[in-house]
Each structure stands twice: as C-alpha cells, then as structure tokens.
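These are my notebook entries on a predicted model. I set down what I looked up, entry by entry.

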Amino acid sequence: MADMESFREAVIAWAAGGPGDVAAELAARLPVRAAVLLEGPSDVAAVEALAAGRGRNLDAEGVCVLPIGGAMSVGRFARLLGPDGLGLRLTGLCDAGERPFYEKALEPTAASSRTFFVCAADLEDELIRALGVPRVRELIRAEGDLRALETFERQPAQRERTAHQQVRRFLGTKKGRKIHYGRILVEALGPRDVPAPLEDLFARL
C-alpha cells in the first residue's frame with residue numbers, strides 16, 4: 001500500500017540521482033499536494049510534533065514533510081517537486097544563515113520569501129527563546145540529561161557563553177539529541193508560545 005513514507009524515500013532517492021518514476025507514481029496515487037522542505041530531521045520532528053498536538057495528520061492531508069539534508073540541497077528538491085517537476089506547492093523553514101539558498105531555489109518556482117519562513121538562528125534557538133532557559137532546563141532534567149548538561153556547561157569553551165547559547169549548543173552535542181528535543185520542546189509549548197516561523201509555516205499548510 002502506498003504511503004507518505006514511501007513517497008519520502010522515493011523523493012530522497014530521486015534527489016540522490018535515482019529515477020523519478022516511483023516518486024511521480026506515488027505522488028499521483030496518494031495524492032500529494034504540497035512539500036515542506038526542511039533542513040534536517042530535528043526540524044521534521046518539531047513540525048510533526050506540532051501537527052500531532054493540533055490534531056492534524058499532514059500525511060492524510062497530502063502534505064509531505066521532507067528532510068533535504070541541508071539547505072544547499074533545496075534547489076535540487078525544488079526542481080524535482082515544484083512547477084518544473086511534480087507540480088507540488090512548496091514551503092519550508094530555514095536558518096537565517098541559509099536564507100540565500102532558499103531564496104535562490106524557490107524564487108524561480110514562483111515562490112517568494114512569504115512561502116518559506118526564516119528562524120533567527122535555527123529552530124532550536126526559536127524554541128528555547130519561546131520556552132525560556134529555565135523551562136528548557138526542566139525538560140532536560142525530566143529527560144535525564146541534566147547531569148550531562150551541567151558537565152557540558154563546565155567546559156572551558158562554554159564559560160563565556162550565555163545560558164541560552166550553552167543549552168542550544170548542548171542539544172547538538174550528541175547524535176539524535178536534536179531530533180529528540182525537537183519533539184520535546186514543541187510538545188511543551190503553550191498555544192501562544194509557538195515561534196512565529198513555525199506558526200507561519202502551519203498557516204500555509
């Protein structure tokens with residue numbers, strides 16, 4: 001049975017140089033109407049967590065949430081999935097430093113800065129600011145990672161950084177941690193706490 005995960009896998013294989021017939025067939029069969037282009041799996045975890053919290057099934061809505069493996073790949077995915085490819089509506093999130101890649105890739109596909117949304121630094125930064133460092137530390141404690149965080153904070157390289165910067169960097173120090181906390185932080189948000197880029201993205205879906 002065709003499902004969105006199969007479509008995601010087919011698109012990623014296509015972007016890596018494989019054939020596109022499987023992705024095209026699945027897009028029509030499901031059907032898929034839109035693709036959310038995200039830099040990595042931690043962003044995917046955050047978007048999926050917010051969708052679940054709002055009672056939305058993006059797969060059933062024909063929205064493919066897609067990790068593209070870094071902002072430099074956005075042009076390739078836009079060509080495959082946009083008007084010159086499968087004809088899907090494109091949107092996404094990006095870090096502020098990667099904005100030029102999204103602007104260059106999406107402008108030729110009739111998109112604009114209003115169809116993708118920019119985080120001040122990255123999505124983790126937005127979520128930490130939305131919750132506040134004390135609340136994030138509480139969540140880290142609840143997940144059993146507080147001792148690891150305190151050890152990290154005592155490292156010489158961290159002593160000159162703010163508590164916000166330390167926590168943000170800590171989330172990226174272990175494989176899988178950013179993905180895990182992408183979900184945890186979003187689930188802890190109140191209805192009015194959702195960072196603007198994430199809220200604006202959902203308004204497009």
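**Entry 1: the sheet.** I began with the pairing of S1 and strand S2 (residues 63–67), which is parallel and runs over 5 bridges. Within this pair, I found valine 36 bridged to valine 65 in S2. I then turned to strand S3 (residues 89–95), which pairs with S4 in the parallel sense over 4 bridges. There, glycine 92 stands opposite phenylalanine 116 in S4. Taken as a whole, the sheet is open, has 4 strands with parallel pairing, and follows the order S2-S1-S3-S4. I noted S2 and strand S4 (116–119) as the edge strands, each pairing on one side only. From one strand to the next, I recorded an average twist of 15°.

**Entry 2: strand S1.** Is S1 buried or exposed? I found 5 of the 5 residues of strand S1 (residues 34–38) buried, so the strand is largely enclosed by the rest of the structure. I next checked the directions of the side chains. In a regular strand they alternate between the two faces of the sheet. In S1, Ala34, Val36 and Leu38 point one way, while Ala35 and Leu37 point the other way, and all are buried.

**Entry 3: the loop before S1.** I looked up the peptide bond between leucine 30 and proline 31 and found it to be cis, with omega about -15°. Most peptide bonds are trans. I placed proline 31 in the loop between helix H2 (21–29) and S1.

**Entry 4: H1 against H2.** How do H1 and H2 lie to each other? Helix H1 (residues 4–15) packs on H2 at an angle of about 150°, and I noted their axes as 8 Å apart. The cut-off for roughly antiparallel is an angle over 145 degrees, and H1 and H2 are therefore roughly antiparallel to each other. I recorded their crossing as left-handed. From H1, the residues that meet H2 are Ser6, Phe7, Ala10, Val11 and Trp14, and those they meet in H2 are Val22, Ala23, Leu26 and Ala27. By class, I noted 8 nonpolar residues, 1 polar and no charged in this contact of H1 with H2.

**Entry 5: H3 and serine 42.** I followed helix H3 (residues 41–53) across S1, S2 and S3, and noted that it runs at about 150° to S2. Serine 42 lies in this helix, H3. I looked up its relative accessible area, which is 8%, so serine 42 is buried. Which residues does serine 42 contact, leaving aside its neighbours within four places in sequence? I listed Glu124, Lys178, Ile179 and Gly182 as its contacts on that basis.

**Entry 6: H8 against H9.** I turned last to helix H8 (residues 146–153) and helix H9 (residues 163–170), whose axes come within 10 Å and cross at roughly 120°. That angle makes H8 oblique to H9. I recorded the crossing of H8 and H9 as right-handed. Which residues of H8 and H9 meet? On the H8 side I listed Ala148, Leu149, Phe152 and Glu153, and on the H9 side Gln166, Val167, Arg169 and Phe170. I noted the contact of H8 with H9 as having 5 nonpolar, 1 polar and 2 charged residues.

Key
Residues are numbered from 1 along each chain as its sequence is written. This is a predicted model: local features need pLDDT of at least 70, side-chain atom pairs count only at pLDDT 80 or more; totals for chains, interfaces and linings use all residues. Side-chain values use heavy atoms; hydrogens and water are left out. Axes are lines fitted to C-alpha atoms, for helices over the stretch in contact, and angles run from 0 to 180 degrees between N-to-C directions. Helices (H or I, at least four residues) and strands (E, at least two) are DSSP runs, numbered from the N terminus. Angles under 35 degrees count as roughly parallel, over 145 as roughly antiparallel, 65 to 115 as roughly perpendicular and the rest as oblique. A crossing is left-handed if the near helix is turned anticlockwise from the far one by less than a right angle, and right-handed if clockwise. Contact means heavy atoms within 4.5 Å. Ala, Val, Leu, Ile, Met, Phe, Trp, Tyr, Cys and Pro count as nonpolar, Asp, Glu, Lys and Arg as charged, and the others, Gly among them, as polar. Buried means under 20% relative accessible area, exposed over 50%, partly exposed in between (1.4 Å probe, protein chains only). Two strands pair if DSSP finds at least two bridges between them.
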